[in-house]
Structure formats: C-alpha cells, structure tokens
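Please explain how this chain is put together, going from the backbone to the side chains and their contacts.

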Amino acid sequence: MKFCKFILIACSFFALASCSKSEVEKERDLYFDVDGGIFGGGHGYYKNYYWTSVSVGTTLPITGSMFVDGNDVYYPTIGGYLKNGDLVQLPEAEVISSVFAKNGEVYAAGSREPYGASYWKNGQLVKLEPDSSDYSANALKIIVSNDHNIYVGGEMRKAAKNRVVYWKNNIMYQVEEESSFEDMAILNNYVHIVGELRNNFSEGAYWINGIKMSLMGFDGKKPQSLTSISVWGNDVYITGRYADALYWKNGVPESKINKGIVPKGVVVNNRKVLVAANMVLPQSSGPQYRMMLWTDGVPDTFGSGEFYGIYLGK
C-alpha cells in the first residue's frame, strides 16, 4: 500500500503541474546570498555580480535566507526583518526565520515571545502554536501560493522527539519520522520539504505532503543531508550534502561531482540551470570555502566566501 501511495503522489504532482514556462525562459537579475564576500567579511549579496553589504550599519544577525521581490531584498533578523537594509520591527517577535513578499504584502515566519511558532502578515501576528500547549514548535519557512494559501514549514518537539511539520492555512500536519527541517517549496499545492532524518546515522529526507520519498546518487547511495529545494516551471530541484550529484531534477540525479562540494541552491534563468555551491578547503584553523557556480553542469570559480543561496529578481 505504501508503495502504491508513493507512486500515486509522485505521478500526480508532475501530471498536475501547470506553471507557465515563461518564468524560466526570460533573463532575470541574479542574486547570490554570501557570507564573507568581496571585501573578505560580513554578510551580503551580489546582484548581477555587484556586491552589497547587509552587515555594515547594523549589529543584528541574519537569521535566515534572503528573499527577493522585484528590486527589494529582505533578510530575517532578531525581532523583525530588513528591507533593503532598513529594519522593520514586528510585534512580539523574537527571532524571524523567513520572509516572503508578494503583491505588496509581506509575510514573516518565526517565533514570538515567550511562546512559539507564528507568522506575521503585514505586521499582524498570527499564532500557529497556542499560548499553552504540550509541544514546542519552530516556524522556519513561509510561502504564499498564487491562490493565496499560506504555507509555513518548520519543526515540532514533543515527548523528546523532533519532527518536521508544516501548516497550511494555520492547520498543522506532521511527518511520521523523527526529523529536522531544512527547506520547503510548493508546486500546485503539493508541499515539498527537504530535511534530515534523526536516527543513528545521517540521512537526507524528502517529503511530498508528508509522505517520504527516496533520493539516490549516481552511486546508489542516499545523501547524508539535503540543503535546498526549489521549483522552476514544472520541475522540482533539490540539492544535498555529501552526495555525488550536483542536484536532483524531479528525483533524478544530475551532474556528477566529488563529495567535497556542497551545493546550496538552484535557479533556472533563461533556460540555463545555475547551481551555487561551496568547495570545502580544509585548513588548520577550520574549514574554508571557495564559491563555485555551475552553469548547465559546467563549473566555474566564483570567489572566496561562502554561498548561502542563489535567487532571481526581476
């Protein structure tokens, strides 16, 4: 029965895919989220290879991934978020983990004081976790679909066990396995989540609507962890760590690499598949990184520093 369910879900979300191909065919601005960029320190981003620091002028830490909406750049932080470098504070917010902006509306997900998982829509607090509950939860990623459904991905801890959870329009769903959350994407209201199983060994995990799927590298082995998931057109792209695949497209490994490469994200720009990755360079003082950019499977050195992700703007 589980095998049949796996086949049904895996086939259904690709069969129902109806996103316009125009979003992957046109040339758009490239954004690279980076720690320790061109000037050798601090957090910032490259827009079409021009550097902007988000560390100068603020002592607030960056607490999650950047989000790009048109020409606006958002970063989550303590107590709120940064929009183009300016702090927007949110009521009762403790740590914001994710920002999403669309059609003039801004959503932020994170934790509130002193309780738990929440999100804010245009500054208004929405509680995902009750003020008094027998579990604790973290809201780590928020996405709003074209049909206005609000998805929040995160984790729940109950009875000393940690599980990946997600909320759709404030209703919580959880996976069966002990696990941790890494990233989330939505395709035709199917919820795609990547993370890691919490067992005696490291194993990357991929779920569609809470049902665990299987990913294998070229060597037939499972990745130790998965680092990102994104949807471009009708296709789902996943990156992992300690795997011999640069990424998976619709569950199939693409571009063989050595396991010292850590891919951090995929975009499709003007039909070109771009993958931002870090090459680990062991040093006596600790690991250092060299940023690498793959274009349609061909690698090139980007520079010193550490990629956190790759995104598209206008």
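**Backbone, rings, cores and charges**

N48 is found in the loop between β2 (43-47) and β3 (50-53). The model is a predicted one. Most residues other than glycine have a negative phi. N48 departs from this pattern, with a positive phi near 50 degrees in a residue other than glycine. The relative accessible area of N48 is 30%, and because values between 20% and 50% count as partly exposed, N48 falls in that class.

A second asparagine can be described in similar terms. N188 lies in the loop between β15 (171-187) and β16 (190-198). Its phi is positive, at about 50 degrees, although N188 is not a glycine. With a relative accessible area of 26%, N188 is partly exposed.

Strand β2, which comes before the loop of N48, also takes part in aromatic pairing. The structure holds twelve aromatic pairs. One of them joins Y46 and F302: the ring centres are 5.3 Å apart and the planes stand at 75 degrees, so the pair is edge-to-face. This follows because planes over 60 degrees apart count as edge-to-face. The pair links distant parts of the chain, with Y46 in strand β2 and F302 in strand β26 (residues 298-304), 256 residues apart. Y46 has a relative accessible area of 7% and is therefore buried. Y46 and F302 also belong to one aromatic cluster, together with F32, Y49, W51 and F307.

Strand β2 holds a charged residue as well, K47. The structure has seven salt bridges. Among them is the one in which the side chains of D29 and K47 meet, at 4.0 Å from N to O. This pair, too, links distant parts of the chain: D29 is in the loop between α2 (22-25) and β1 (30-35), K47 is in strand β2, and 18 residues separate them. K47 is partly exposed, with a relative accessible area of 27%.

Other salt bridges centre on E203. K212 forms a salt bridge with E203, and the closest N and O atoms are 3.6 Å apart. K212 counts as partly exposed at 25% relative accessibility, whereas E203 is buried at 7%. The side chain of K222 also meets that of E203 in a salt bridge, at 3.3 Å from N to O. Here the pair again links distant parts of the chain: K222 is in the loop between β18 (211-213) and β19 (225-232), E203 is in strand β17 (residues 202-208), and they are 19 residues apart. K222 is partly exposed, with a relative accessible area of 40%. Through shared partners, the salt bridges join E203, K212 and K222 into one network.

What lies in the nonpolar interior? In soluble globular proteins, nonpolar side chains tend to be buried together. The largest nonpolar core here has 40 residues, and those with the most contacts inside it are I142, V152, M184 and I193. Leaving aside neighbours within four places in sequence, I193 is in contact with V164, V165, Y166, F181, D183, M184, A205, Y206 and W207. A second, separate core of 27 residues includes V273, L274, F302 and I310. F302 thus appears in this core and also in the aromatic cluster with Y46.

Strand β20 (residues 235-241) contains T239. T239 has a relative accessible area of 0% and is therefore buried. Which side chains make polar contacts with the side chain of T239? The side chain of T227 does so at 2.6 Å, and the side chain of S228 does so at 2.6 Å. Not counting residues up to four places away in sequence, T239 touches L226, T227, S228, L246, Y247, W248, P263, K264, G265 and V266.

Y247, one of the residues that T239 touches, has an aromatic partner. A pair of aromatic rings is described by the distance of the centres and the angle of the planes. Y46 and F302 gave 5.3 Å and 75 degrees. For Y237 and Y247 the values are 5.8 Å centre to centre and 45 degrees between the planes, and the pair is tilted. Y237 is in strand β20 and Y247 in strand β21 (residues 245-249), ten residues apart, so described as a link between distant parts of the chain. Both tyrosines, Y237 and Y247, are buried.

How values were computed
Residues numbered from 1 in each chain as written. Predicted model: local features only at pLDDT ≥ 70, side-chain atom pairs only at ≥ 80, totals over all residues. Heavy atoms only, no water. Helix = DSSP H or I, 4+ residues; strand = E, 2+ residues; numbered from the N terminus. Buried < 20%, exposed > 50% of the residue type's maximum accessible area, 1.4 Å probe, protein only. Polar contact = N/O pair within 3.5 Å; in protein donor to acceptor, adjacent residues only side chain to side chain. Contact = heavy atoms within 4.5 Å. Phe/Tyr/Trp six-rings, centres within 6.5 Å; stacked < 30°, edge-to-face > 60°. Core = buried A, V, L, I, M, F, W, Y, C linked by side-chain atoms within 4.5 Å.
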